[in-house]
Amino acid sequence: MKKSDKPSVGIPERIDAAFGPRGPLAAGVPEYRTRPQQVEMAVRVAEAIRDNAVLVCEAGTGTGKTFAYLVPALLSGGKIIISTGTKTLQDQLYHRDLPMVRDALKVPATTALLKGRANYVCHYHLERNLEGDRLGSRETAAHMRVLSRFARVTRTGDKSECAEVPEQAPAWSLATSTRENCLGQSCPKSRDCFVMAARREALAADIIVVNHHLFFADVMLKDEGMAELLPACNAVIFDEAHQLAETATLFFGESLSTGQLVELARDVRAEVLLSAKDARDEPKLAVSLDKAARDLRLSVSGEGTRFSAPAIMRRREFSDALAAVDSALESLCAALKSVAERSEGLARCADRADLARALLERWRDDDRADRVRWVEVFGHSLHLNATPLSVADVFRRQLEGHPRAWIFASATLSVSGDFSHYRSEMGLEEARTACWDSPFDYAGQALLYIPRKLPDPNSDEHTRAVVAASLPLITAIGGRAFLLFTTLRAMRLAHELLREDFQQRSLEFPLLLQGEGSRSELLERFRKLGNAVLLGSASFWEGVDVRGDALSLVVIDKLPFAPPDDPVLAARLEAIEREGRNPFMDYQLPQAVISLKQGAGRLIRDETDRGVLAICDPRLFSKPYGRRILQSLPPMRLVRELDEVLRFIPSRKSGPDGKDERLSTFSGEAR
C-alpha cells in the first residue's frame with residue numbers, strides 16, 4: 001500500500017505513456033511489466049525536477065526505482081548527476097540500465113561515467129614505479145607489466161576493465177594517483193591522462209553517473225571534477241541514499257592515516273632519486289617517517305577497534321609514538337623546503353608533508369564541541385579522525401545556491417513510513433516525502449521466524465544459540481543460506497561452530513566466510529554452488545543481490561544496534577541528550593531499523609523467490625520498541641515455532657541416485 005500523498009496534476013503525459021503496457025519501455029525492455037508503484041514514483045521525481053524541489057522517497061524491493069528516476073531524468077532534457085552508493089551499482093547503472101532506458105525512450109542524451117582518480121591508471125606513476133625498482137614481489141612486478149600493457153590499449157583506463165589484476169592487488173596503488181601526489185597540469189603525461197579525459201566527457205554529457213564518495217570528496221575538496229559539474233546541472237539524484245550520512249561524515253571531517261604517511265615517505269624517496277640524487281638528508285628522514293608511522297600502528301594492538309582521543313592519549317606507548325611521528329614530520333617538512341623547487345613531484349611531497357603535520361596538530365590539540373576526535377585501528381594502518389557530530393548543517397548548505405532538484409531514493413529510509421530521522425540527520429526538514437511498499441507478495445513468498453527461548457543477545461551463549469536455531473533450517477532448506485552477524489567476533493565463532501556441526505552430522509554444504517575472498521568472488525561462488533552457507537558481517541547486509549533458489553534462508557543474529565562504546569556514537573548520543581531529546585528513540589532505534597531492513601532485504605529479490613527470514617533476537621517481543629521494528633519489516637507471516645517453518649520449507653522427493661532432493665518451490669499449503 002502506498003503511504004505517500006496523491007501526486008499533483010499537470011505532470012507531462014509522456015511519463016505515464018513511457019511506463020504504459022504499449023509504451024516504449026514495454027516494447028524495448030525484455031520482460032518489462034508495468035508496476036503502479038514505479039509509475040507513481042516516476043511522477044513524483046518528474047515533479048521534483050520540474051519544481052527544483054527536494055524529494056526523499058522510499059521504494060521497496062521490486063518497485064523498480066532505477067527506471068523510476070531514469071525515465072523522468074532522461075525526459076527532462078536537462079543535465080543530471082546520478083550518484084550511487086557503490087561502484088558496483090555505478091557500473092551496472094552506466095553500462096546496463098541507463099543505455100537500456102535511453103534506447104527504449106529514443107532520447108538522444110549523452111552519458112558519462114566518472115569515478116575517483118584511484119580508479120584510473122596513471123601513466124606517470126605507472127612508468128615511474130616500473131623504473132624505480134620498488135615492486136616488492138614477483139607477483140606485483142607481474143601485475144605491473146599487465147597494467148603497462150593495459151594502459152597502452154584501454155580507452156578509459158578504468159581499473160574495472162582490467163580483470164587480470166585483482167582489485168586489492170598492491171600494484172594498483174603503484175599505478176594510480178592520489179589527490180596528494182597528482183602533478184596536475186605539470187604532469188608530463190597530462191595530455192594522455194585518463195582522469196582528465198573522464199572529466200572532459202562528464203562536462204560535455206547530459207547524464208553523469210558518479211558515486212557518493214566521489215560526490216562528497218569533490219564537494220569538500222573541489223578536486224575530482226564535480227566542482228565544474230554542479231553549477232551546470234539541473235538535478236542531483238542519490239540512489240542508495242541511506243548511505244549518504246555515513247559517507248558525508250567521512251568527508252566533512254578530517255582524517256590522517258599511517259598508510260598516508262608511509263606512502264608519503266615512499267614517494268619522497270622516489271622523487272629524490274629522480275630529481276635530487278645529491279640530497280643526503282631527505283631519504284634518511286623519509287625512512288624515519290616510515291618507521292615512526294609503522295610504530296604508531298604497532299602501539300595499539302588488535303584490529304577493528306575504535307578509541308576516543310582522550311582515552312587513547314592516556315596510553316603512554318601511543319602518545320610517545322604520536323610524538324615521534326610529529327617529530328619525524330617536522331624534520332622532513334624542513335628538509336623538503338630546500339629541494340622542493342627542483343621538481344613538481346618534490347613540491348607536491350613538500351605540500352603533503354606540511355598538510356599532514358597540520359592535520360596531526362589539529363587532531364592532537366583541537367577540542368571543538370561540534371567534533372569528536374577518535375582513533376580507528378585496522379590490520380595494517382591506524383587512522384586519526386576528527387568527525388562532525390552532525391552533517392545536517394554542512395549538507396544543508398550544499399542544497400543552497402543555484403536552484404536545482406535533489407532526489408534521495410532508497411529501499412530503506414523510513415521507520416514505519418516516518419522519515420523524521422533521515423530528514424533530521426541530513427538537514428532535509430523541508431523535503432517532500434513519498435513511500436511505496438514492495439509489489440512482492442511477502443505474505444505468500446516469505447516467512448518471518450523468531451525462535452522462542454533465546455538467551456539475551458549480549459550474553460556469551462547467544463551466538464551458540466543462533467547456530468543451534470539455524471541448523472535445522474539449514475538442513476531442511478539444503479544450505480542456500482546467508483547468516484548475517486552484527487560483529488566479526490560472532491561471525492567467526494559461528495563459523496567454527498557450524499564447521500564442527502557439519503562434520504559431526506556429515507553435512508556437505510559448502511561453508512563460505514567473509515574475508516576468505518572479495519565480496520564479489522564469494523557471491524559468485526555462492527551462486528554457482530547452489531547449496532552453500534555464507535557467513536557475513538556488515539559487508540553482506542546490503543548491496544547483495546542473489547535471486548532464485550541459491551538463497552532461500554537469511555538468518556540475522558540480533559538487532560543491529562551500533563556498539564554503545566563507539567566514540568562517535570557516544571558523542572552523538574551525549575549531544576542529543578543535551579538538546580533534551582531521547583538518544584535511543586531519536587537516533588539508535590531508527591538507525592537499527594534501517595540497517596535491519598537492509599539485512600532483511602537480502603531474502604526476496606524477485607517475484608518468484610521464496611524463503612525464510614529468521615531473526616534471533618528476543619527483544620522483538622520482550623521490549624516495547626519491538627513492535628515498532630516489526631511494523632517496519634515487509635509484511636511476512638510471523639511464526640515462533642520451528643514446526644511451522646518446516647511445513648513452509650520445500651518437501652522432499654527422491655532423486656535419480658536415491659538421495660533426497662528438494663523441490664525448488666515452496667509448498668502451496670504454506671502459501
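This is a short talk on the enclosed cavities in this structure. Keep in mind that the model is predicted.

How many cavities of 30 Å³ or more are there? The count comes to two.

Start with the largest cavity. Its space is about 100 Å³. The lining has 13 residues. Which of them lie nearest the centre? Those are Glu-254, Leu-359, Arg-362, Trp-363 and Ala-386.

Now the elements around the largest cavity. Two or more lining residues come from each of β6 (254-257), α17 (344-365), β8 (371-377) and β9 (382-388). The top contributor there is α17, which gives four residues.

What about the chemistry of that lining? Six residues are nonpolar, five are charged and two are polar.

On to the second largest cavity. Here the volume is about 30 Å³. Take its lining in sequence order. We begin with Arg-128, Asn-181 and Leu-183. Next come Asp-267 and Glu-271. The list ends with Gly-345, Arg-348, Cys-349 and Arg-352.

Which elements supply at least two residues of this lining? They are α13 (258-275) and α17. Helix α17 gives the most to the lining of the second largest cavity, with four residues.

The lining of the second largest cavity splits into five charged, two polar and two nonpolar residues.

So much for the two cavities one by one. The element to look at on screen is α17. It gives the most to the lining of the largest cavity, and α17 also gives the most to that of the second largest.

Terms used. Residues are numbered from 1 along each chain as its sequence is written. This is a predicted model: local features need pLDDT of at least 70, side-chain atom pairs count only at pLDDT 80 or more; totals for chains, interfaces and linings use all residues. Side-chain values use heavy atoms; hydrogens and water are left out. On a 1 Å grid over the protein atoms alone, a cavity is a set of points where a 1.4 Å probe fits but cannot get out, and a pocket is an open set with protein on both sides within 12 Å along at least five of seven lines; lining residues have an atom within 4 Å of a point. Grid points are joined across faces, edges and corners, and a volume is the space filled by probe spheres set on the points. Ala, Val, Leu, Ile, Met, Phe, Trp, Tyr, Cys and Pro count as nonpolar, Asp, Glu, Lys and Arg as charged, and the others, Gly among them, as polar.
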